[in-house]
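Thanks for coming, everyone. I'll keep this brief. Please have a look at the model on the screen.

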Amino acid sequence: MAYKIITSQCTVCGACEFECPNAAIAMKRGTYVIDAVKCTECEGHFDKPQCVAVCPVDNTCVPA
């Protein structure tokens with residue numbers, strides 16, 4: 001499974017893009033999106049997905 005970003009809640013702060021160990025997050029059409037093919041939920045890197053850990057808005061990075 002991968003994570004996704006709820007675009008209506010995203011503040012476009014960019015924190016998640018730089019914290020993703022798989023480079024799965026990128027800016028597209030004015031908001032950030034997660035590439036489901038690259039997203040591993042940070043397994044093998046961290047105990048918690050880093051997009052969730054660094055996002056300033058609760059429930060913006062969620063399981064897809």
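Let me begin with a cut-off. A disulfide here is a pair of cysteine sulfur atoms within 2.5 Å. By that rule, this predicted model has zero disulfides.

Take two cysteines as examples. Cys-42 is in no disulfide. Its nearest cysteine sulfur belongs to Cys-20, and that sulfur is 5.8 Å away. Cys-61 is in no disulfide either. For Cys-61, the nearest cysteine sulfur is that of Cys-51, at 3.8 Å. Since the rule asks for sulfurs within 2.5 Å, a pair at 3.8 Å does not count.

Are these two cysteines buried or exposed? Cys-42 has a relative accessible area of 6%, so Cys-42 is buried. Cys-61 comes in at 8%, so Cys-61 is buried too.

Now to the core. Which residues of the largest nonpolar core touch the most other members? They are Ile-5, Ile-25, Ile-34 and Cys-51, out of 13 residues in that core. Two elements give two or more residues to this core. One is strand E1, residues 3-5, and the other is strand E3, residues 31-34.

Let's stay with Ile-5. Leave out residues up to four places away in sequence. Ile-5 then touches three cysteines by name: Cys-10, Cys-16 and Cys-61. The list for Ile-5 also holds Ile-25, Tyr-32, Val-33, Ile-34 and Thr-60.

Next, the strands. Strand E2 covers residues 25-28. E2 and E3 pair in the antiparallel sense, over four bridges. What is the bridge partner of Ile-25 in E3? It is Ile-34. Both of those residues were on the core list a moment ago. Lys-28 of the pairing stands opposite Thr-31 in E3.

A word on Thr-31, which lies in strand E3. Thr-31 has 13% relative accessibility, so it counts as buried. Leaving aside neighbours within four places in sequence, Thr-31 is in contact with Thr-7, Cys-10, Val-12 and Ala-26. Cys-10 was also among the contacts of Ile-5.

Now the turn between these strands. The hairpin of E2 and E3 has two residues between the strands. Arg-29 is found in that loop. Phi of Arg-29 is near 50 degrees, a positive value in a residue other than glycine. Is Arg-29 buried or exposed? Its relative accessible area is 86%, so Arg-29 is exposed.

There is another residue to set beside Arg-29. Asn-59 is not a glycine, yet has a positive phi of about 60 degrees. Where is Asn-59? Look in the loop between H2 and strand E4, residues 61-63. At 60% relative accessibility, Asn-59 counts as exposed.

Last stop: a charged residue. Glu-41 sits in the loop between E3 and helix H2, residues 50-54. Glu-41 is buried, yet has no salt bridge. How far away is the nearest side chain of opposite charge? That side chain is Lys-4, and it is 12 Å away. A salt bridge needs a side-chain nitrogen and a carboxyl oxygen within 4 Å, so Lys-4 does not make one with Glu-41. What does Glu-41 touch, then? Not counting residues up to four places away in sequence, Glu-41 touches Met-1, Ala-2, Tyr-3 and Pro-49.

To recap: zero disulfides, a largest nonpolar core of 13 residues, and a buried Glu-41 without a salt bridge. Thank you.

Key. Residues are numbered from 1 along each chain as its sequence is written. This is a predicted model: local features need pLDDT of at least 70, side-chain atom pairs count only at pLDDT 80 or more; totals for chains, interfaces and linings use all residues. Side-chain values use heavy atoms; hydrogens and water are left out. Buried means under 20% relative accessible area, exposed over 50%, partly exposed in between (1.4 Å probe, protein chains only). A nonpolar core is a set of buried Ala, Val, Leu, Ile, Met, Phe, Trp, Tyr and Cys residues joined through side-chain atoms within 4.5 Å. Contact means heavy atoms within 4.5 Å. Lys and Arg count as positive and Asp and Glu as negative; His and the chain ends are not counted. Two strands pair if DSSP finds at least two bridges between them.
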